[in-house]
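Hi everyone, thanks for making room for me today. Have a look at the sequence and the model on the screen, and then I'll walk you through a few parts of it.

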Amino acid sequence: MRRAFLATALASSLLLTGCGVPMVLGAGAAAGYVGLQTRPSGQVAADTDTKVRVKAALASKNYRFLGDIGTDVFYNDVLVTGVVPTRAEGEQVIALIQGTTGVRKVYNELFVGDAYTTAQRAKDAWIAAQIKPRLIGTKGVFPLNYMISVVNNHVYALGSVSGADERNNVLHLLRTTPGVAQVHDYLVIVSPTPEGKPNIVNQGAQEDGGLTRRAPNPLPDTLR
């Protein structure tokens with residue numbers, strides 16, 4: 001019964017943000033089922049406020065490519081995905097987000113390229129549409145704790161898991177979804193402390209070697 005309720009809640013929480021895709025699954029998408037997450041309600045509220053401030057800061061600059069940028073916030077860390085026309089503009093976006101009140105760390109996953117084409121958006125949406133039911137139907141996986149974004153066939157997972165087994169299950173599911181070129185892991189393992197506060201005991205590592213912020217990625221020639 002709980003899984004049936006979770007599936008209903010997840011289905012109602014699906015948001016298409018930023019690049020049309022990134023697609024965001026749960027993790028604060030609606031207040032009605034915050035209690036199903038491992039993230040404390042106060043942190044969900046704080047992350048939501050931070051995301052609102054980030055979006056307002058970006059909107060104030062009237063970037064012509066604003067619709068091609070997605071942002072997700074987890075424990076005050078911001079994951080930035082999408083496509084920007086030039087490296088300089090990408091660096092401006094990252095600097096602006098870093099300077100926004102409430103932001104602790106910025107993970108830069110921007111592609112640099114001429115455009116985020118309609119054909120590529122459609123392909124990313126197709127990948128995203130496959131991920132959703134696979135997450136819902138997998139035992140030991142709790143989709144409301146993850147935010148999943150898809151850009152240029154790359155999948156980004158931000159959120160919390162209870163242990164290595166859950167993390168491995170989520171990453172395997174994402175990697176084996178048809179059309180996925182690469183999975184970027186921003187999942188953290190969280191354990192409760194005696195005071196009832198979450199303790200992040202393990203940080204996921206991207207497939208390319210770490211969680212350090214870097215300049216926007218060059219867009220692969222095949223995606224130009």
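Let's start with a word I'll use a lot: contact means heavy atoms within 4.5 Å. Now for where all this comes from. This is a predicted model, where local features need pLDDT of at least 70, side-chain atom pairs count only at pLDDT 80 or more, and totals for chains, interfaces and linings use all residues. Residues are numbered from 1 along each chain as its sequence is written, and side-chain values use heavy atoms, with hydrogens and water left out.

Okay, the overview. The protein has five helices and ten strands; helices (H or I, at least four residues) and strands (E, at least two) are DSSP runs, numbered from the N terminus. Of its 224 residues, 50% are buried, where buried means under 20% relative accessible area, exposed over 50%, and partly exposed in between, using a 1.4 Å probe and protein chains only. And if you take the contacts with a separation of 6 or more, 68% of them are between residues 24 or more positions apart.

Let me zoom in on one residue, Thr 71, which sits in strand E3. Is Thr 71 buried or exposed? Its relative accessibility is 3%, so Thr 71 counts as buried. Which residues does Thr 71 touch, leaving aside its neighbours within four places in sequence? They are Lys 51, Val 54, Lys 55, Leu 58, Val 78, Leu 79, Val 80 and Ile 97. Take Lys 55: it is 16 residues from Thr 71 along the chain, and their C-alpha atoms are 8.0 Å apart.

Next, the strands around there. E3 (residues 69–74) runs antiparallel to E4 (residues 77–84), with six bridges joining them; two strands pair if DSSP finds at least two bridges between them. Val 73 is opposite Val 78 in E4. The two strands make a hairpin with two residues between them, and in the turn Tyr 75 has a positive phi of about 50°.

On its other pairing, E4 runs parallel to E5 (residues 105–112), joined by eight bridges, and Asp 77 faces Lys 105 in E5. E4 is largely enclosed by the rest of the structure, because eight of its eight residues are buried. On one side you have Asp 77, Leu 79, Thr 81 and Val 83, and on the other Val 78, Val 80, Gly 82 and Val 84.

Now two helices. Generally, you describe two packed helices by the angle between their axes and the distance between the axes. Here, H2 (residues 41–60) and H3 (residues 87–98) have axes that come within 9 Å and cross at roughly 135°. Axes are lines fitted to C-alpha atoms, for helices over the stretch in contact, and angles run from 0 to 180 degrees between N-to-C directions. That makes H2 oblique to H3: under 35 degrees is roughly parallel, over 145 roughly antiparallel, 65 to 115 roughly perpendicular, and the rest oblique.

Who meets whom? Val 54, Ala 57 and Leu 58 from H2 meet Val 93, Leu 96 and Ile 97 from H3. The residues of this contact divide into six nonpolar, no polar and no charged. For that split, Ala, Val, Leu, Ile, Met, Phe, Trp, Tyr, Cys and Pro count as nonpolar, Asp, Glu, Lys and Arg as charged, and the others, Gly among them, as polar.

Last stop: E6 (residues 146–151), where six of six residues are buried. E6 pairs antiparallel with E7 (residues 154–161) over six bridges, and Met 147 has Leu 158 as its bridge partner in E7.
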